[in-house]
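Good morning. I will take one structure and go through it piece by piece, so please keep the display open while I talk.

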Amino acid sequence: MDNYEALLQLIERNDVITIYGHSNPDGDCYGSQIGLRELIRARYPEKKVYAVGSGIPAFFERLTTMDEVDEATIASSAGILVDVSCLRRVEDPRVYQCKEHGKFDHHQPSPLEEFVGPSIVETKRIAAAEIIVEFAIRFHFPITRLAAEALYLGILTDSGRLTYRGTTPRTLELVALLRTKGIKIRSIQQIAYYESPETKKVKATIRRRARCYGHVCYCFLPRESFEKHGLSPQNAIRLVNALASVYPDCRCYVLFVPFDGDEVNVELRSNHGYCVHDTAKAFGGGGHKFASGCTIYSNQTDYMDVVKMLDQAEYVEEE
Ligand SMILES: [Mn+2]
């Protein structure tokens, strides 16, 4: 039995299934949670299936909302993680109470936690949603329009609208398949890429404050510079790609955003084939080769230590 079959069996042997993603959910996280929920509901109408977490409220009207679940439901359920590598990174800590766990993910496995349960981890996939579409195809799940739209959102956003490295011919085939399910691309794009005037101002601030160190473009965004425009730190840290084109010759770029207390969230990227994952891992974080994140504490770590290590990032062959 391979891992796809093991996950199918986990779904088949449980009457209640709860689906989890990471904190500060993005399009792939929310899209994978909703997509998987709708796939399972369509194939097994008798099962109770819930997507747990905050999701992306901007999509609740256009697609659908997340589910409220109580502890008894969670304790009676199989918990399936999507777009998240381990239980400690799941947004809702009640995930620990599930009877058993499964996972669909494309992040590097966490060195801090061994995942127990059937899991499909394919780190070369551009989006977790891509793996879920493969799963649906292999086991002939009916793909409703809502499932297709949610999974399309996941692939679209994690691939930078199908432009990032890691977007493969197979990615495009899967998108083509989703397109046959009646999805309306334009309105999903409009919501996914909507930028408020306030967001535009904060992006401009990020670009203006960008500096170079060696081969790294970095920006430390002071709290007041996003708070005065009404942005939360969660929304500010998402704007890391504003740094992509400031110094096009830089190998890597990194954004630092203060959260609560001494906590500083860090997002690291490379569009030039340099591995940012090693640096994130060294500071307790993780993610992908060319897109990773970590949290540092300003009373313990100088953010320039992250920048200096990132400057030593290794070039890794494009596959
Ligand atoms: Mn993802």
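The donors of the manganese ion are spaced along the chain as D-x54-D-x22-H-x51-D. Please keep in mind that this is a predicted model.

Which residues are behind those letters, and at what distances do they coordinate the manganese ion? They are Asp28 (OD), Asp83 (OD), His106 (NE2) and Asp158 (OD), at 2.1 to 2.3 Å. Take Asp83 and Asp158 as a pair: they link distant parts of the chain, 75 residues apart. Asp83 sits in the loop between β3 (78–82) and β4 (100–105), while Asp158 belongs to helix α5, which covers residues 145–158.

Are these two buried or exposed? Asp83 has a relative accessibility of 1%, so it counts as buried. Asp158 is at 18%, and because the cut-off for buried is under 20%, Asp158 counts as buried too.

The loop between β3 and β4 also holds Asp92. Its relative accessibility is 12%, so Asp92 counts as buried. Leaving out residues up to four places away in sequence, Asp92 touches Tyr20 and Val52.

Next, the helices. Asp28 has a second part here, as one of the residues of helix α2 that make the contact with helix α4. Helix α2 runs over residues 27–43 and helix α4 over residues 128–138. How are the two arranged? They pack at an angle of about 15°, with their axes 8 Å apart. The two helices are therefore roughly parallel to each other, and their crossing is left-handed. On the α2 side the contact is made by Asp28, Ser32, Leu36 and Leu39. On the α4 side it is made by Ala128, Ala129, Ile132 and Ala136.

Helix α4 also packs with helix α6, which is residues 169–179. Here the angle is about 65° and the axes are 10 Å apart. The crossing of α4 and α6 is left-handed. From α4, the residues in this contact are Glu130, Val133, Glu134 and Ile137. They meet Arg170, Thr171, Leu174, Leu177 and Leu178 in α6.

Now the cysteines. A disulfide is a covalent bond between the sulfur atoms of two cysteines. How many disulfides does a search of the whole structure find? The search finds zero.

Why does Cys29 not form one? The closest cysteine sulfur to that of Cys29 is in Cys86, 13 Å away, which is too far for a bond. Cys29 is also buried, with a relative accessible area of 0%.

Cys212 needs a little more care. Its sulfur is 3.4 Å from the closest cysteine sulfur, which is in Cys250. That is still too far for a bond, because the cut-off for a disulfide is 2.5 Å. Cys212 is partly exposed, with a relative accessible area of 39%.

One last residue, Glu267. Where does Glu267 lie? It is in strand β9, residues 263–270. With a relative accessible area of 22%, Glu267 is partly exposed. Setting aside residues up to four places away in sequence, Glu267 touches Ile237, Val240, Tyr253, Val254, Leu255, Ser292 and Gly293. Glu267 and Cys294 are 27 residues apart along the chain, and their C-alpha atoms are separated by 6.7 Å.

To go back to the start: the manganese ion is coordinated by Asp28, Asp83, His106 and Asp158, and Asp28 is also among the α2 residues in contact with α4. That is the end of my part.

Key
Residues are numbered from 1 along each chain as its sequence is written. This is a predicted model: local features need pLDDT of at least 70, side-chain atom pairs count only at pLDDT 80 or more; totals for chains, interfaces and linings use all residues. Side-chain values use heavy atoms; hydrogens and water are left out. Donors are N, O and S atoms within 2.8 Å of the metal (3.2 Å for Na, K and Ca); water is not among the atoms, so sites may look incomplete. Helices (H or I, at least four residues) and strands (E, at least two) are DSSP runs, numbered from the N terminus. Buried means under 20% relative accessible area, exposed over 50%, partly exposed in between (1.4 Å probe, protein chains only). Axes are lines fitted to C-alpha atoms, for helices over the stretch in contact, and angles run from 0 to 180 degrees between N-to-C directions. Angles under 35 degrees count as roughly parallel, over 145 as roughly antiparallel, 65 to 115 as roughly perpendicular and the rest as oblique. A crossing is left-handed if the near helix is turned anticlockwise from the far one by less than a right angle, and right-handed if clockwise. Contact means heavy atoms within 4.5 Å.
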